[in-house]
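Visitor: I am new to this structure. Please give me a close look at how its side chains are linked across the chain, and begin with the sulfur bonds.

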Amino acid sequence: MGHSAAIPTVSLQRCCWEAGISLLTDCREMCPNPILLSVSEGCPKAVLTLQPAWSQIFTGETVTLSCEVEGGFADWRFKQYRDGREEAGCSDQYSRRYGDSCTISNTQHYHSGVYWCESASGQERSNAVTLTVSNGLVLLQTPPQPVFEGDSLTLRCRVWSYKATRVAFYKDNEELQSRADTELNVARVSKSDEGFYKCRAEWWDFTYSGDSAEVRVTVRELPQTTLTLEPPFPEIFTGETVTLRCGVEGGSAGWKYLWYKDSEDTPVLQTAGRSITGDSYTITAAAVSDQGQYCCRGQRGDQPLYSQLSDPVTVTVSGEFINTVILLH
């Protein structure tokens with residue numbers, strides 16, 4: 001078997017619900033052997049991003065890795081996995097650390113690899129990002145992988161030191177478009193957009209041309225969302241308390257929740273007797289006006305920005321409950 005390494009999944013800015021992934025598939029071209037992963041449960045408390053937000057750059061260019069840590073970046077460190085081994089990231093002559101960021105200027109091919117940040121103990125880790133530093137002539141740039149259904153997707157084709165005159169984009173060796181535009185845009189990604197992409201560029205008034213390396217674009221479904229009632233009875237009486245709880249597949253860490261009643265166009269707001277706390281919406285003194293169909297979804301700053309909309313749950317509010325006492329003589 002190949003090398004074993006306890007590093008997080010390679011998919012960029014992804015967490016909890018992908019914990020079932022067992023192979024570092026996005027790095028097979030970079031590593032000589034498959035890599036077994038040890039993935040901790042739950043979402044990471046840290047999110048690692050790239051700026052500019054491209055997974056591929058040319059040698060000599062500058063990239064900044066930023067690690068946003070819940071509770072502060074103190075005692076966290078950057079790590080890199082390349083050539084089959086784990087090593088310290090942001091540690092060579094071209095790298096400079098500024099607080100929770102690491103800027104690599106004049107990037108070299110050996111800066112290619114999988115990056116993440118982790119606590120001093122190594123027990124807490126961010127998502128992982130893949131960076132490819134190319135010394136080729138033509139480069140296809142993609143956003144962090146995977147992308148999610150419904151996201152927009154932009155691919156960019158670049159020529160080293162030249163401006164492309166014409167660019168053709170290919171998916172699975174079939175031409176998608178060919179024109180002067182150096183970008184390919186997909187407004188809403190679906191599973192059918194998954195595949196291997198490359199570009200062919202012409203420059204210097206069509207005198208020269210060249211192909212980029214192929215890059216795989218992976219498309220994932222949005223994480224599922226469930227909505228439950230506590231207590232688990234859809235019918236309550238006026239004046240009673242009911243709590244609706246929203247959960248996102250893989251765990252609630254990092255998610256905030258959006259609530260809707262009767263329509264996705266009607267958001268639920270906090271008012272007297274109706275509170276939103278964490279993953280729950282509580283009605284403390286139900287009124288007939290509270291009855292209806294409720295649904296929810298998760299939202300966060302990291303990709304994916306949203307989870308799927310939950311199935312609706314119907315709450316029925318009946319007249320006041322009368323506690324009857326029968327006295328026996």
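Guide: What follows goes through the sulfur bonds, then a group of rings, then one sheet. The model is predicted, so local features need pLDDT of at least 70, side-chain atom pairs count only at pLDDT 80 or more, and totals for chains, interfaces and linings use all residues. Residues are numbered from 1 along each chain as its sequence is written, and side-chain values use heavy atoms, without hydrogens or water.

Start with the sulfurs. A disulfide is a covalent bond between the sulfur atoms of two cysteines. Here the term is used for a pair of cysteine sulfur atoms within 2.5 Å. By this rule there are four disulfides. Three of them are described here, one at a time.

Take Cys-157 and Cys-199. Their sulfur atoms are 2.1 Å apart and form a disulfide. The link of Cys-157 and Cys-199 is right-handed, with 75 degrees about the S-S bond. Cys-157 lies in strand E12 (residues 153–159) and Cys-199 in strand E16 (residues 195–203), so the pair ties together parts that are 42 residues apart in sequence. Strands (E, at least two residues) and helices (H or I, at least four) are DSSP runs, numbered from the N terminus. Are these two cysteines buried or exposed? Buried means under 20% relative accessible area, exposed means over 50%, and partly exposed is in between, with a 1.4 Å probe and protein chains only. Cys-157 has a relative accessible area of 2%, so it is buried. Cys-199 is at 0%, so it is buried as well.

Next come Cys-67 and Cys-117. A disulfide joins them, with 1.8 Å from S to S. This link is right-handed, with 60 degrees about the S-S bond. It connects distant parts of the chain: Cys-67 in strand E3 (residues 63–69) and Cys-117 in strand E8 (residues 113–119), 50 residues apart. Cys-67 counts as buried at 1%. Cys-117 is buried too, at 0%.

Now Cys-90 and Cys-102. They are joined by a disulfide at 2.2 Å from S to S. The handedness is right-handed, with 105 degrees about the S-S bond. Cys-90 lies in the loop between strand E5 (85–88) and strand E6 (95–98), and Cys-102 in strand E7 (residues 101–104), so the parts tied together are twelve residues apart in sequence. Cys-90 has 18% relative accessibility, so it counts as buried. Cys-102, at 2%, is buried.

Why does Cys-295 have no bond to Cys-296? The closest cysteine sulfur to that of Cys-295 is in Cys-296, 7.2 Å away, which is too far for a bond. Cys-295 itself counts as buried, at 9% relative accessibility.

Now the rings. A pair of aromatic rings is described by the distance of the centres and the angle of the planes. Rings of Phe, Tyr and Trp (its six-membered ring) pair if their centres lie within 6.5 Å; planes under 30 degrees apart count as stacked, over 60 as edge-to-face, and the rest as tilted. The whole structure holds seven aromatic pairs. In one of them, Tyr-162 and Trp-204 have ring centres 6.2 Å apart and planes at 25 degrees, so they are stacked. Tyr-162 is in the loop between E12 and strand E13 (164–171), and Trp-204 in the loop between E16 and strand E17 (208–211), so this pair ties together parts 42 residues apart in sequence. Tyr-162 is partly exposed, at 43%. Trp-204 is exposed, at 52%. Trp-203 and Tyr-208 also form a stacked pair, 6.3 Å centre to centre with 25 degrees between the planes. Trp-203 is buried, at 4%. Tyr-208 is partly exposed, at 41%. Ring pairs link Tyr-162, Trp-203, Trp-204 and Tyr-208 into a cluster.

Last, a sheet. Two strands pair if DSSP finds at least two bridges between them. One open sheet has four strands in the order E21-E27-E26-E23, with mixed pairing. Strand E21 (235–237) and strand E23 (256–261) are at its edges, each with a single partner strand, so each has one side left without a neighbour in the sheet. E23 and strand E26 (residues 292–299) run antiparallel, joined by six bridges. Lys-261 stands opposite Tyr-294 in E26.
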